[in-house]
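The following exercises concern strand pairing, burial, salt bridges and nonpolar cores. Please examine the sequence and the structure before reading the solutions.

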Amino acid sequence: MSTDYTITSLSEELVLIRWHRSPGAKVEDDYLHELKRLLDAASKPQFFLSDLRRGRIIGMRSIKQLSEFTNHKNWAGSTAFSKDPISKMLVGNFRAFSSNSESRNEMHNTPEEAIAFLESLKPGLTSNINWEEAIS
């Protein structure tokens, strides 16, 4: 278990990823392996919400590998939130590397905007979640 990030399943289809700091290359690799295992084991396509307010993947190799997951049969869409300009730039790189990123993977400034985007992808996806607790 990493102290750099936490991965929490909020429902059968929605995963929250919270970065607590920007990791080194080893933790980035561990994270990518953990995410791949999660996608491979999922019984339903997964939506991802990433909290990038305190950290983020910064290695271009890792961002490119992460973007390849958008082609996985269980990748349904993703969003991230942060007002940090570096996070926005790195998410832009992720989207550029992703073959189908324009419509199902977006960056937002606030958690509320990110949650609304997820809801636009699948109405009802974000219902019955205690958001105050999840993103505090």
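Five exercises follow, each with a worked solution.

The model is predicted, so local features need pLDDT of at least 70 and side-chain atom pairs count only at pLDDT 80 or more, whereas totals for chains, interfaces and linings use all residues. Residues are numbered from 1 along each chain as its sequence is written, and side-chain values use heavy atoms, with hydrogens and water left out.

**Exercise 1. Neighbours of strand β3**

Task: Determine which strands pair with β3, in what sense, and over how many bridges.

Solution:
Step 1. Helices (H or I, at least four residues) and strands (E, at least two) are DSSP runs, numbered from the N terminus. Two strands pair if DSSP finds at least two bridges between them.
Step 2. Strand β2 (residues 14–19) runs parallel to β3 and is joined to it by 5 bridges. Within this pairing, isoleucine 17 has serine 50 as its bridge partner.
Step 3. Strand β4 (residues 75–81) also pairs with β3 in the parallel sense, over 6 bridges. Here phenylalanine 47 is partnered by glycine 77, and aspartate 51 stands opposite phenylalanine 81.
Step 4. Continuing from β4, strand β5 (residues 105–108) pairs with β4 in the parallel sense over 4 bridges; threonine 79 has glutamate 106 as its bridge partner.

**Exercise 2. Crossovers and the setting of α2**

Task: Establish the handedness of the β-α-β unit made by β2, helix α1 and β3, and identify the buried residues of α2.

Solution:
Step 1. A crossover is right-handed if, with the strands pointing away from the viewer, the path from the first strand over the helix to the second runs clockwise.
Step 2. The unit formed by β2, helix α1 (residues 25–41) and β3 is right-handed. The chain then passes from β3 through helix α2 (residues 60–68) to β4, in a β-α-β crossover that is right-handed.
Step 3. Buried means under 20% relative accessible area, exposed over 50%, and partly exposed in between (1.4 Å probe, protein chains only). In α2, the residues Ser62, Ile63, Leu66 and Ser67 are buried. They lie on the same side of α2, because they cover an arc of only 140° around the axis, the arc being that of the directions from the helix axis to the C-beta atoms.
Step 4. The cover over these buried residues includes α1 and α3 (85–97), where contact means heavy atoms within 4.5 Å.

**Exercise 3. Burial of β3 and β4**

Task: Decide whether the residues of β3 are buried or exposed on its two faces.

Solution:
Step 1. Gln46, Phe48 and Ser50 point one way from β3, Phe47, Leu49 and Asp51 point the other way, and all are buried.
Step 2. With 6 of the 6 residues of β3 (residues 46–51) buried, the strand is largely enclosed by the rest of the structure.
Step 3. For β4, 7 of the 7 residues are buried, so this strand is likewise largely enclosed by the rest of the structure.

**Exercise 4. Salt bridges**

Task: Find which residues are joined with Asp51 in one salt-bridge network.

Solution:
Step 1. A salt bridge is a side-chain nitrogen of Lys or Arg within 4 Å of a carboxyl oxygen of Asp or Glu. The count by this rule is 9.
Step 2. Arginine 18 and aspartate 51 form a salt bridge, with an N to O distance of 3.6 Å. Arginine 18 is in strand β2 and aspartate 51 in strand β3, so the pair ties together parts 33 residues apart in sequence.
Step 3. Aspartate 51 also meets arginine 53 in a salt bridge (2.7 Å, N to O). Aspartate 51 counts as buried at 1% relative accessibility, whereas arginine 53 is partly exposed at 37%.
Step 4. Through shared partners, Arg18, Asp51 and Arg53 are joined into one network.

**Exercise 5. The nonpolar cores**

Task: State which residues touch the most other members of the largest nonpolar core.

Solution:
Step 1. A nonpolar core is a set of buried Ala, Val, Leu, Ile, Met, Phe, Trp, Tyr and Cys residues joined through side-chain atoms within 4.5 Å.
Step 2. The largest core has 22 residues, of which Tyr31, Leu35, Phe48 and Leu66 touch the most other members. At least two residues of this core come from each of β2, α1, α2, β4 and α3, and α1 gives the most, with 6 residues.
Step 3. Leaving aside residues up to four places away in sequence, tyrosine 31 touches Tyr5, Ile7, Ile17, Trp19, Ile57 and Leu66.
Step 4. A second, separate core of 16 residues includes Leu49, Ile129, Trp131 and Ala134.
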